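The following exercises are meant to be worked with the sequence and the structure in view. Each task is followed by a solution in steps.

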Amino acid sequence: MTAPYFAHPTAVVDAPAQVGAGTKIWHFCHVSAKAKIGARCIFGQNCFVADDVSIGDNVKVQNNVSIYTGTVIEDDVFLGPSCVLTNVSNPRAQVLRHSLYERTLLRRGCSIGANATVVCGVTVGRYAFIAAGAVVTKDVPDYALVMGVPGKQVGYMSRHGYRLTPPGKDGLWHDSVGGYRYKENNGVLSCLDLDEEKPLPATETQGSVSWEEARALRNRR
Ligand SMILES: CC(C)(COP(=O)(O)OP(=O)(O)OC[C@H]1O[C@@H](n2cnc3c(N)ncnc32)[C@H](O)[C@@H]1OP(=O)(O)O)[C@@H](O)C(=O)NCCC(=O)NCCS
């Protein structure tokens, strides 16, 4: 049975697509019959979800995003406006490759910036952050901030979306806004102060520090 969700009258949700409770699907979206969408997600205007796509809970999809077969999206992922996901590396109009769709995995809590492109076959790590307009061609480590064309890692972004300051004497990366500490182990970053599998504490889900203030705090460190 499909849980109660909202779909704007102009949206088309093909039966028997699975859509979780509290999800909102706005104007001119199309969800295909074999798509699976979790609870409390939001799809802005003009989004498409193809067959066999799996989307977790609390995923936020901004306007004009198409999510193609082969894509797996975990909980708490953010897809910026008009970002592009792909599922065939070598498309040709004359050659059918429907059985050869490549997998793209967007792991828990990652963000894809506006107008960024994720070339298929990659995994974007947990809480990674893809800058606006970047082109992702390789796997992205957890918490990595990737910018440019082709996308290169230029630092790390905190779970709350602030740039981390590089290690000082304590050998740890710091979020100057929240005060959380992150440790790098063999190229894998993890947060020492938060359970990465659990949602953020409710008190930390309302943003209150502007990007400019966050930048000033980071530079002061
Ligand atoms: C990456 C981002 C978080 C900014 O990071 P930042 O560390 O504050 O970057 P700064 O503004 O200090 O810029 C640092 C340098 O990176 C460059 N830069 C910033 N954003 C960039 C981007 N998206 N792509 C390429 N270069 C970028 C700047 O031009 C600057 O270059 P310079 O040192 O040669 O002058 C931001 O630019 C971004 O892309 N955010 C995503 C916005 C988005 O897509 N939102 C969607 C919801 S509306």
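**Exercise 1: The ligand shell**

The residues around the ligand are Gly-80, Gly-113, Ala-114, Ala-131, Ala-132, Gly-133, Met-147, Gly-148 and Arg-163. The model is a predicted one.

Task: State how many residues of the shell around the ligand are nonpolar, polar and charged.

Solution.
Step 1. Alanine and methionine count as nonpolar, arginine as charged, and glycine as polar.
Step 2. By these classes, the shell around the ligand holds 4 nonpolar, 4 polar and 1 charged residues.

**Exercise 2: The hairpin of E21 and E22**

Task: Determine in which sense E21 and E22 run, and how many bridges join them.

Solution.
Step 1. E21 and E22 run antiparallel and are joined by 4 bridges.
Step 2. Met-147 has Lys-152 in E22 as its bridge partner; Met-147 is also one of the residues around the ligand.
Step 3. The two strands form a hairpin with 4 residues between them. In the turn, Gly-148 has a positive phi of about 90°, and Gly-148 too is among the residues around the ligand.

**Exercise 3: Two open sheets**

Task: Give the strand order and the pairing of the open sheet of 9 strands, then those of the open sheet of 4 strands.

Solution.
Step 1. The sheet of 9 strands has the order E1-E4-E7-E10-E13-E16-E19-E21-E22, and its pairing is mixed. Its edge strands, each paired on one side only, are E1 (6-7) and E22 (152-156).
Step 2. Within this order, E10 (residues 60-61) and E13 (residues 78-79) pair in the parallel sense over 2 bridges. Lys-60 stands opposite Phe-78 in E13.
Step 3. The sheet of 4 strands has the order E2-E5-E8-E11, with parallel pairing. Here the edge strands are E2 (12-13) and E11 (66-67), and each pairs on one side only.
Step 4. E2 and E5 (residues 30-31) run parallel and are joined by 2 bridges. The bridge partner of Val-12 in E5 is His-30.

**Exercise 4: Domains and the nonpolar core**

Task: Identify the domains in the domain assignment, and find from which of them the largest nonpolar core draws at least three residues.

Solution.
Step 1. The domain assignment gives domain 1 (1-90 + 98-157) and domain 2 (161-221). Their centres, taken over C-alpha atoms, are separated by 24 Å.
Step 2. Domain 1 gives 8 residues to the contact and domain 2 gives 10 residues. On the side of domain 1 that touches domain 2, there are 5 nonpolar, 1 polar and 2 charged residues.
Step 3. The largest nonpolar core has 50 residues, and Ala-128, Ile-130 and Tyr-156 have the most contacts inside it. At least two residues of this core come from each of E19 (129-130), E21 (144-147) and E25 (188-191); E21 supplies the largest share, 3 residues.
Step 4. This core draws at least three residues from each of domain 1 and domain 2.
Step 5. Leaving aside neighbours within four places in sequence, the contacts of Tyr-156 are Tyr-143, Ala-144, Leu-145, Leu-164, Trp-173, Tyr-182 and Leu-189.

**Exercise 5: The surroundings of Glu-204**

Task: Decide whether Glu-204 counts as buried, partly exposed or exposed.

Solution.
Step 1. Glu-204 is found in the loop between E25 and helix H1 (211-220).
Step 2. A buried residue has 20 or more other C-beta atoms within 10 Å of its own, and an exposed one has 12 or fewer.
Step 3. Glu-204 has 14 C-beta neighbours inside 10 Å and therefore counts as partly exposed.
Step 4. Gly-178 is 26 residues from Glu-204 in sequence, and 9.1 Å from Glu-204 in space, C-alpha to C-alpha.

Terms used
Residues are numbered from 1 along each chain as its sequence is written. This is a predicted model: local features need pLDDT of at least 70, side-chain atom pairs count only at pLDDT 80 or more; totals for chains, interfaces and linings use all residues. Domain bounds come from an automatic or database domain assignment. Two residues are in contact if their C-beta atoms, placed from the backbone, lie within 7 Å. Two strands pair if DSSP finds at least two bridges between them. A residue is near a molecule or strand if its C-beta atom, placed from the backbone, lies within 6 Å of it. A nonpolar core is a set of buried Ala, Val, Leu, Ile, Met, Phe, Trp, Tyr and Cys residues joined through C-beta atoms within 7 Å.
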